[in-house]
Amino acid sequence: MSAPAPAPPPLLEVRDLELSIGGLHILRGISFDVAEGEFFTVIGPNGAGKTSLLNVISRIYRPTSGTVSFDGRSLLEAKRTALADLGIARTFQNLALFEHMDVMDNVVLGRQRLMRSGVLSGAVWWGRARREETIARQACEPLIDLMGLGDYLSRPIRDLPYGIKKRIELARALAVEPRLLLLDEPAAGMNDEETDELAEWILVAKRELDLTIVMIEHDMGLVTRLGDRSLVLDFGTTITIESPRAAISDPRVIAAYLGDESEEVDDPTVTGTIALKIPKRLAKKGARR
C-alpha cells in the first residue's frame, strides 16, 4: 500500500504571534494555519484581539514577535501596498465607499493595482489611462453580475440600502483578484435578512472565484453556516481551534462570552447555531430568520 500523499503547505501560516501596543499586550503566542480553499473564522468577545490579528496580517500593525507567511513568503517583509499584488484583499467593519460615486466607479477602484497610467494622463483621461479604465470596467462587469448588483449599476451609493452597500464593498475587494480574502465583521450593522443574503453572496464568491477566506464575525449563526474551522480568542490568547459547532459549545468559549450564564437551549439546532449546548443569549445572537 502506497503512503498517503503529504498535505499541501498552508496558504497562510501564523506562528507565535505577539503584539504589544503602548505597554498593553494585545496578542499572546497566537499560532494557526489556513489551508488553501478553507473558510477560516476568528471569533471571541469584544477586546479579544480579533481585529488586531487581522491588522497584523494586513500589515497595519507590526507584531512584537512571531511570523506571518503567505504562500511560503513572509508577509512581515512585504510592504502594505504590496499585499494586493500578492493576492490579498480586505474589507473593514465600517463602510469605506465613495457615496457620491456610482456602483461601477466604486468597484473599479479595486483594480487600481493593475493600472499603470500616470497622474497627468489620468487627469485628462486620455491615451493609456482611458484604455486602462475601459479594460478595468470590462473586468468588473462579471463581478457586478456575480454579486447581483446589475440593477443598481448607475445609482449613487448614497441612495442604496445598507445591505447593498456591503455587497458593493465585497465586490470591490474581489476586483483585486485575491487568493486570500480578509473579512472584518461583514455582517456588522445588518439585520437577520440582510445577513442571510450576504452569507449567500459570500458563498457564491468563494465558490466561483476559488477563494480562501479569513473572517472575523460576532454572529454565531453566520460563523457556523460558513466556517470550516474557528479560532477562538480571549484577551489575546487562543482558547481553541476547531469546527465552529464544536467551538461554540466549548465551555471555555461560553465562559469567555457570558461568564457564569450557563442556561442551555433545549433545542439549539433551531437557532442555526447547531451547537449541542449553548447559552440562550449566544444562541439568540446567532439565530436566523
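A search of the whole structure, which is a predicted model, turns up one aromatic pair. The partners are Phe32 and Phe40, and because their ring centres lie 5.1 Å apart with the planes at 10 degrees, the pair is stacked; the cut-off for stacking is an angle under 30 degrees. Both Phe32 and Phe40 are buried.

Phe32 falls within the range of strand E2 (24-34), which leads to the sheet. Here four strands form an open sheet, and their order is E2-E1-E4-E5 with antiparallel pairing. The edges are held by E2 and E5 (73-74); each has a single partner strand, so one side of each is left without a neighbour in the sheet. Between E1 and E2 the antiparallel pairing runs over seven bridges, and one of the residue pairs to look for is Glu13 with its bridge partner Asp33 in E2. The hairpin of E1 and E2 has two residues between the strands, and in this hairpin Gly22 takes a positive phi near 55 degrees. At the other edge, strand E4 (residues 65-70) and E5 are joined in the antiparallel sense over two bridges, with Arg73 in E5 serving as the bridge partner of Phe70. Helix H1 (residues 50-57) lies across E1 (12-21), E2 and E4, and runs at about 65 degrees to E2.

The nonpolar interior comes next. In soluble globular proteins, nonpolar side chains tend to be buried together. In this model the largest nonpolar core has 48 residues, of which Ile168 and Leu181 touch the most other members. Helix H6 (residues 162-174) gives the most to this core, contributing six residues. A second, separate core holds 29 residues, including Ile26, Val34, Leu180 and Ile216. For a closer look at the largest core, Leu181 is a handy place to begin. With neighbours within four places in sequence left aside, Leu181 is in contact with Ala89, Leu170, Ala173, Leu174, Leu211, Thr212, Ile213 and Val214.

Two backbone positions also deserve a look. Asp210 is not a glycine, yet has a positive phi of about 55 degrees. Asp210 sits in the loop between helix H7 (192-209) and strand E8 (212-216), and with a relative accessibility of 59% this residue counts as exposed, the cut-off being over 50%. Phe235 is likewise not a glycine and has a positive phi, of about 50 degrees. The loop that carries Phe235 links strand E9 (229-234) and strand E10 (237-242). The relative accessible area of Phe235 is 65%, so Phe235 is exposed, whereas the two phenylalanines of the stacked pair, Phe32 and Phe40, are buried.

Taken as a whole, the protein chain contains eleven helices and ten strands. Of its 289 residues, 48% count as buried. Among contacts in the chain with a separation of 6 or more, 65% join residues that are 24 or more positions apart. The chain exposes about 14300 Å², and carbon and sulfur atoms supply 51% of that area.

Key. Residues are numbered from 1 along each chain as its sequence is written. This is a predicted model: local features need pLDDT of at least 70, side-chain atom pairs count only at pLDDT 80 or more; totals for chains, interfaces and linings use all residues. Side-chain values use heavy atoms; hydrogens and water are left out. Rings of Phe, Tyr and Trp (its six-membered ring) pair if their centres lie within 6.5 Å; planes under 30 degrees apart count as stacked, over 60 as edge-to-face and the rest as tilted. Buried means under 20% relative accessible area, exposed over 50%, partly exposed in between (1.4 Å probe, protein chains only). A nonpolar core is a set of buried Ala, Val, Leu, Ile, Met, Phe, Trp, Tyr and Cys residues joined through side-chain atoms within 4.5 Å. Contact means heavy atoms within 4.5 Å. Two strands pair if DSSP finds at least two bridges between them. Axes are lines fitted to C-alpha atoms, for helices over the stretch in contact, and angles run from 0 to 180 degrees between N-to-C directions. Accessible areas come from the Shrake-Rupley method with a 1.4 Å probe; for residues, only the protein chains shown count as cover.
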